[in-house]
Amino acid sequence: MLMRTDPFRELDRLAQQLMGPGTWSKPSAMPMDAYREGDQYVVAFDLPGVTTDAIDIDVERNMLTVKAERRPVAKADDVQMELSERPLGVFSRQIVLADTLDTEHIKADYDAGVLTLRIPIAERAKPRKISIGVGSGHKEISG
C-alpha cells in the first residue's frame, strides 16, 4: 500500500502525542465558528466522534463553557491498531457572552459531529424606534 506523507500532519501528530490527550483539568481546545444570523448568534463546535452524553454545556452569568470527551472505541482482542491519528481525551472552550444575549433561551443541536448553539439576542438589545411627542407645552425660542 502506498502512503503519501504530509510533514506538517506528522508535526501536529507528534505535538499532540507530546502534550498528551486533554484531561478534565487541562482540556485541549476545540475548533469553532461564531456568527450572527438574524436575531441570534450561532456558535458551532466541531466534535466528530463524540456522543451526546459526553458533551457538557454550562452557562454561569455570561460565561459559556462547552466540554466534550472523545473516548476510545472498544475493540475486540484480535484487533491490531496500525495507525491512530484521531485525538482522544477532553476538549473544552469558554466564551464570554455579551450582556445583549439571552442566556436563558440557548438552544443546542448536535448533528453530524457538529454541536450548534443558537443564542437569541435579548429584546432590550434589539434596535427600536423612539417616537417624538408634540405637546402644547413647548416654547419656541427666537433670537
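Five nonpolar, two polar and five charged residues make up the lining of the second largest pocket. That is a handy place to start with this structure, which is a predicted model. The pocket holds about 200 Å³ of space. Its lining takes in a run of neighbours from Arg 70 and Arg 71 through Pro 72 and Val 73, with Lys 75 a little further along the chain. Met 81, Leu 83, Ser 84, Glu 85, Arg 86 and Leu 88 also line the pocket, and Gly 49 completes the set. Glu 85 is one of the charged residues here, whereas Ser 84 and Gly 49 are the polar ones. As for how such a space is found, rolling a probe the size of a water molecule over the atoms shows where empty space is left.

Stepping back to the whole chain, there are one helix and eight strands. The helix comes at the start of the pattern, which reads α-β-β-β-β-β-β-β-β along the sequence. The chain has 143 residues, and 22% of them count as buried. Its accessible surface comes to about 11,500 Å², with carbon and sulfur atoms accounting for 52% of that. Contacts also reach across the sequence: among those between residues at least 6 apart, 56% join residues at least 24 apart.

Now for the strands themselves. Strand β2, residues 32-37, runs antiparallel to strand β3, residues 40-46, and six bridges join the two. Within this pair, Arg 36 stands opposite Tyr 41. The two strands form a hairpin with two residues between them, and Gly 38 in that hairpin takes a positive phi near 65 degrees. β3 has another partner as well, strand β8 (residues 114-120), again in the antiparallel sense and over seven bridges. In that pairing, Asp 46 sits opposite Val 114 of β8. A general point helps when looking at any of these strands: in a regular strand the side chains alternate between the two faces of the sheet.

Another group of strands makes up an open sheet of four, in the order β1-β6-β5-β4, and the pairing in this sheet is mixed. At its edges are β1 (28-29) and β4 (55-60), each of which pairs on one side only. The partner of β1 is strand β6, residues 89-96, and these two pair in the parallel sense over two bridges. Here Ala 29 stands opposite Ser 92 in β6.

Technical notes: Residues numbered from 1 in each chain as written. Predicted model: local features only at pLDDT ≥ 70, side-chain atom pairs only at ≥ 80, totals over all residues. Heavy atoms only, no water. Buried < 20%, exposed > 50% of the residue type's maximum accessible area, 1.4 Å probe, protein only. Contact = heavy atoms within 4.5 Å. Areas by Shrake-Rupley, 256 points an atom, 1.4 Å probe, with all protein chains shown as cover. Pairing = 2+ DSSP bridges. 1 Å grid on protein atoms, 1.4 Å probe; cavity = no way out; pocket = protein on both sides within 12 Å on 5 of 7 lines; lining within 4 Å. Points joined across faces, edges and corners; volume = space filled by probe spheres on them.
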